[in-house]
Amino acid sequence: MRDVEAFVIDDDFDPLADLDLDEGERDDAEADYLPPIPDADKSVVPPPVELSPAERIEKLLAGMPGQQFRLLRAVGLCAEPRTLEEAAAALDEAHPSPTSVYSSVQVIQLLERAGALERLEGEEAESAPAEGEDARATEAMGESADADVAPSAAGDGEASTEGEEPEGDFISVTPAPPCRYQATQAGLDAIAAHVNEDRIVQKIVEEKRYLPIFQRVLEMTAREGGCPTKELDAAVDGDPLCAEPRRFCGFFRGKLEETGAIEWRDTWTITDLGRSVLASGLFDAAPSAEDAADPSSLGAATSSDAASAVEGVAAPSSSVR
Amino acid sequence: MSHDQEIGLVDVLRGRRATYQFLSRLFRTEVDQELYDTLVSMRFPANTGNPLVDEGYRMICGYLSQASGDVLTELAVDYVRAFIGSGNDGFSAAYPYESVYTSPKRLMMQDARDEVLVLYRAAGLAKQESWKEGEDHIALELEFEQILCERAIAALEEGDEDACRALLLSQRNFLEDHLLAWYPMMAADLQKFPRTDFYKGLGKLTDGFLRNDREFLDAVLSEDEADASEDGEKAEVA
């Protein structure tokens, strides 16, 4: 039997022979590198995706769900033209503790970029110059440090672009022209779409069996000074309506917060919008907690609600409040 | 060099040193309040004779004149957009490292970094502990030129013309072998990635200044060589 059945040993193989390997195809082939870089054309900035102002505003609001009413408040505050300082001060007053990384000035700039606000420049804006601009102008015109110049010849002054102050062979920074911010139609439309009672009502009646819970949360947050989280949790978490499926207070609080019915101001506090919903009579026809907990009284609930209720909500009510 | 020439040269060298320092600072980190206050109180040259420098200064000045609101945050965001980017393909920003622009795969810490490190060490320089980036960062290369400028000024003030000439020669060599060998490519990227005119202007300003500086160094060093050969001929005749 031969040692090798399947292969034929090539006795003529010469390991030192020229195998005509293409040096250029080797990965480790060394080559002197000279700029420019061959793939420099890959260094491109992708073109921006064109979105309408309404789309940009929605994207901005969706990106900061916890701050959407602060953003919309800023738009509302600029229904009449305001300077940046005025608008920021008004927003700070309206939202003293926003728990956001974005300052009021940044919020206004974000809204301008999204198309919810527009800058008014020129005569209209100049009619009410912003405070602080004079000071900056004085500063710019006062002691100035010349930029040291590389060896160069200085000639006569050249027409400078807008905003710079030519001083012969030098230009200096001048204060930004007075400008005011005003809400755009897209911004006002966003307010109309997001800040309305219908949105809150729609969210609340999604599951009508929880109407008493929503009512309880709104009433507790309507107290003077608002209501702390712990107290709300204690009032809701133990309710039989929340037993099956298991719900916690955060579920209801979240729905009310995202629709702008309540807001966090060191405690949970009802908003004007929430107050008007509470006073609208929405909860007058609502079943009491005891009734809602009884499967036989679910006539007004949606079928899915009824199904979930029939499955397990039969425990006697033990309202904490 | 005559006495008048020396006085003129010292002034020019001081100007170069200040410009290198200024540019190095702008590339090193984001603009802070102190730098911003300095920038808004500065006067920028309008007619240097170099179109890139003029346009760069005009763009920077124009941006600062139009900016309102939270300028520092806007500039910090643009700094990241310009020099750091958000991609990992090596083509997402104007990366401020010589290695990126001089290695085929656009990698950091390549040969260029080793070369400049040798030069820094030869000049008796070591990086500070606080510096965590590669040594071939544009800010460090510009600062190296600034330090050589300082040494040249000191040599000139002490009357040591030979040392001054050697230092100017070192500056020109470093400029040709390193800064000008790659920065123009970064300058091109700096017109693409930043959103503000501030960093676009910085890209042009630096590009123009470096080209200007090489012309200046070439002129000064060729004058010195001509003077030296003239002196040699006179000595031979005598």
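**Exercise 1.** In this predicted model, determine how many of the ten residues of H2(A) are buried, and which they are.

*Solution.* Step 1: apply the cut-off, under which a residue is buried when its relative accessible area is under 20%. Step 2: list the residues of H2(A) that satisfy this criterion, namely Gln68(A), Phe69(A), Arg70(A), Leu71(A), Leu72(A), Ala74(A), Val75(A) and Leu77(A). Step 3: eight of the ten residues are therefore buried, so H2(A) is largely enclosed by the rest of the structure.

**Exercise 2.** Characterise how helix H2 (residues 68-77) of chain A and helix H3 (residues 84-94) of chain A cross.

*Solution.* Step 1: the two axes come within 10 Å, and the crossing angle is roughly 135 degrees. Step 2: this angle makes H2(A) oblique to H3(A). Step 3: the handedness of the crossing, as H2(A) passes H3(A), is right-handed.

**Exercise 3.** Identify the residues that form the contact of H2(A) with H3(A), and classify them.

*Solution.* Step 1: H2(A) contributes Arg70(A), Arg73(A), Ala74(A) and Leu77(A). Step 2: H3(A) contributes Ala87(A), Ala90(A), Leu91(A) and Ala94(A). Step 3: by class, the contact has six nonpolar and two charged residues, with no polar ones.

**Exercise 4.** Place these helices in the context of chain A.

*Solution.* Step 1: chain A has 14 helices and seven strands. Step 2: of its 321 residues, 35% are buried. Step 3: chain A exposes about 18,600 Å², of which carbon and sulfur atoms supply 52%. Step 4: among contacts between residues at least 6 apart in sequence, 70% join residues at least 24 apart.

Terms used
Residues numbered from 1 in each chain as written. Chains lettered and ligands numbered in written order. Predicted model: local features only at pLDDT ≥ 70, side-chain atom pairs only at ≥ 80, totals over all residues. Heavy atoms only, no water. Axes fitted to C-alpha atoms, helices over the stretch in contact; angles between N-to-C directions. Helix = DSSP H or I, 4+ residues; strand = E, 2+ residues; numbered from the N terminus. Parallel < 35°, antiparallel > 145°, perpendicular 65-115°, else oblique. Left-handed = near helix turned anticlockwise from the far one by under 90°. Contact = heavy atoms within 4.5 Å. Nonpolar A, V, L, I, M, F, W, Y, C, P; charged D, E, K, R; others polar. Buried < 20%, exposed > 50% of the residue type's maximum accessible area, 1.4 Å probe, protein only. Areas by Shrake-Rupley, 256 points an atom, 1.4 Å probe, with all protein chains shown as cover.
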